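This report looks at how parts of one protein chain meet, through paired charges and through packed helices. Please keep the structure in view while reading.

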Amino acid sequence: MDLSHVLLLVAAGLAAGVVNAIAGGGSLITFPSLIAVGLPSVDANVTNSVAVFPGYVSSVAASRADLAGQGRRLRTIVPTSLAGAVLGCLLLLGTPARAFELVVPFLVLGAAAILFFQDRLRALVGRSHGEKKVTLQVVVFVGAIYGGYFGAALGVMYVAALALVLDETLNRINALKNVLSACVGLVTVVVFAVLAPVHWGAVLVVAPATIVGGYLGAHLARRLPARVLKVLIVSFGTVVGLILLWRAFR
């Protein structure tokens, strides 16, 4: 990589860290940037997954105040997210990506729509406490599979689904999203470091930038009014879904 490549990846890492902390979807910034500096698509995908992980960790650190009182919940869903992420990574390494690429845009657009109509839909999901627990585990597991496989806009999907099944403020749900994203990221780091063609030079450039961006983005998200945060997540999720749809069918 020459200096222009390094500068591009640093800028992409900063932007992706901020976007991931606020809404999710930062991979749509770093992934094409990695391709732009010459990495093949599969190599760029696994390298991106490893590189953005530190940004998720810094987002968790910055949003820890909104995790207060959620320790018991986290102890039940973190193992589920780890298991789902392992399955997603193995699917990426062992199956053709084309079919999944065709489905992903509709998942992202659907998640944005769910969050937009959250208040109307919440009553239809998990009417009893027990049903909510089961629904929460399903949401976390399916989201982690997607995150291990591809991951773009994972945060949008998690926020939308968690907002349906949990009676929490959007800021506290966003903090949970950061933890779950970090869990998925940890699995991708371990699995891809062993089994996939990670380009560690690019990781060393992008990862520190995502740490800074993730920390700044999480602090910004905590200070935004719930309505503004919701509009940002829905808007970004819609843009991400349309971009993925264009890429899948062009």
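Two residues are said to be in contact when heavy atoms of theirs lie within 4.5 Å. The model discussed here is predicted, and the account begins with two helices that meet by this rule.

**Helices α1 and α11**

Helix α1 covers residues 3–22, and its axis comes within 6 Å of the axis of α11, the two crossing at roughly 35 degrees. In this crossing, α1 passes α11 in a right-handed sense. The contact draws on many residues of α1, among them Val6, Leu9, Val10 and Gly13, and they meet residues of α11 that include Ala202, Val205, Val206 and Ala209. Sorted by class, the residues of this contact divide into 15 nonpolar, six polar and no charged.

One member of this contact on the α1 side is Gly17, a residue found in helix α1. Is Gly17 buried or exposed? Gly17 has a relative accessible area of 3%, and because buried means under 20%, Gly17 counts as buried. Leaving aside residues up to four places away in sequence, Gly17 touches Thr210, Gly213 and Gly214, and these three are also listed among the α11 residues of the helix contact. Gly17 and Val139, by contrast, are 24 Å apart in space, C-alpha to C-alpha, and 122 residues apart in sequence.

**Helices α3 and α10**

A second pair of helices can be described by the same kind of values. Helix α3 (residues 41–51) packs with α10 at an angle of about 135 degrees, and their axes are 8 Å apart. Why are the two helices called oblique to each other? An angle over 145 degrees would count as roughly antiparallel and one of 65 to 115 as roughly perpendicular, while the rest of this range is oblique; the angle of about 135 degrees therefore makes α3 and α10 oblique. Here α3 passes α10 in a left-handed crossing.

Where they touch, Val46, Ser49 and Val50 in α3 meet Thr188, Val189 and Phe192 in α10. By class, this contact has four nonpolar, two polar and no charged residues. Nine of the 11 residues of α3 are buried, so the helix is largely enclosed by the rest of the structure. The buried residues of α3 include Val46, Ser49 and Val50, which also take part in the contact with α10.

Ser181 is another residue found in helix α10, and with a relative accessible area of 2% it is buried. Apart from residues up to four places away in sequence, Ser181 touches Tyr56 and Leu154. Ser181 and Val60 are 121 residues apart in sequence, yet their C-alpha atoms are 9.3 Å apart in space.

**Salt bridges**

Side chains of opposite charge can pair when their charged atoms come close. How many salt bridges does the model hold? The count comes to three, and the table gives each pair with its distance.

| Salt bridge | Distance, N to O |
|---|---|
| Arg222 and Asp66 | 3.0 Å |
| Glu168 and Arg73 | 3.1 Å |
| Glu168 and Arg172 | 2.8 Å |

The side chains of Arg222 and Asp66 meet in a salt bridge. This pair links distant parts of the chain, since Arg222 is in helix α11 (residues 200–223) and Asp66 is in the loop between α4 (53–62) and α5 (71–94), 156 residues apart. Arg222 is partly exposed, with a relative accessible area of 33%, whereas Asp66 is buried, at 13%.

Glu168 also meets Arg73 in a salt bridge. Glu168 lies in the loop between α9 (154–165) and α10 (170–195), and Arg73 lies in helix α5, so the pair ties together parts that are 95 residues apart in sequence. Glu168 is partly exposed, with a relative accessibility of 23%, and Arg73 is partly exposed with a relative accessible area of 23%.

Glu168 forms a salt bridge with Arg172 too, and Arg172 is buried, with a relative accessible area of 18%. Arg73, Glu168 and Arg172 are thus linked in a network of salt bridges.

Helix α5 also holds Thr76, which is partly exposed at a relative accessible area of 41%. Thr76 and Gln137 are 61 residues apart in sequence and 8.2 Å apart in space, C-alpha to C-alpha.

How values were computed. Residues numbered from 1 in each chain as written. Predicted model: local features only at pLDDT ≥ 70, side-chain atom pairs only at ≥ 80, totals over all residues. Heavy atoms only, no water. Salt bridge = Lys/Arg side-chain N within 4 Å of Asp/Glu carboxyl O. Helix = DSSP H or I, 4+ residues; strand = E, 2+ residues; numbered from the N terminus. Buried < 20%, exposed > 50% of the residue type's maximum accessible area, 1.4 Å probe, protein only. Axes fitted to C-alpha atoms, helices over the stretch in contact; angles between N-to-C directions. Parallel < 35°, antiparallel > 145°, perpendicular 65-115°, else oblique. Left-handed = near helix turned anticlockwise from the far one by under 90°. Nonpolar A, V, L, I, M, F, W, Y, C, P; charged D, E, K, R; others polar.
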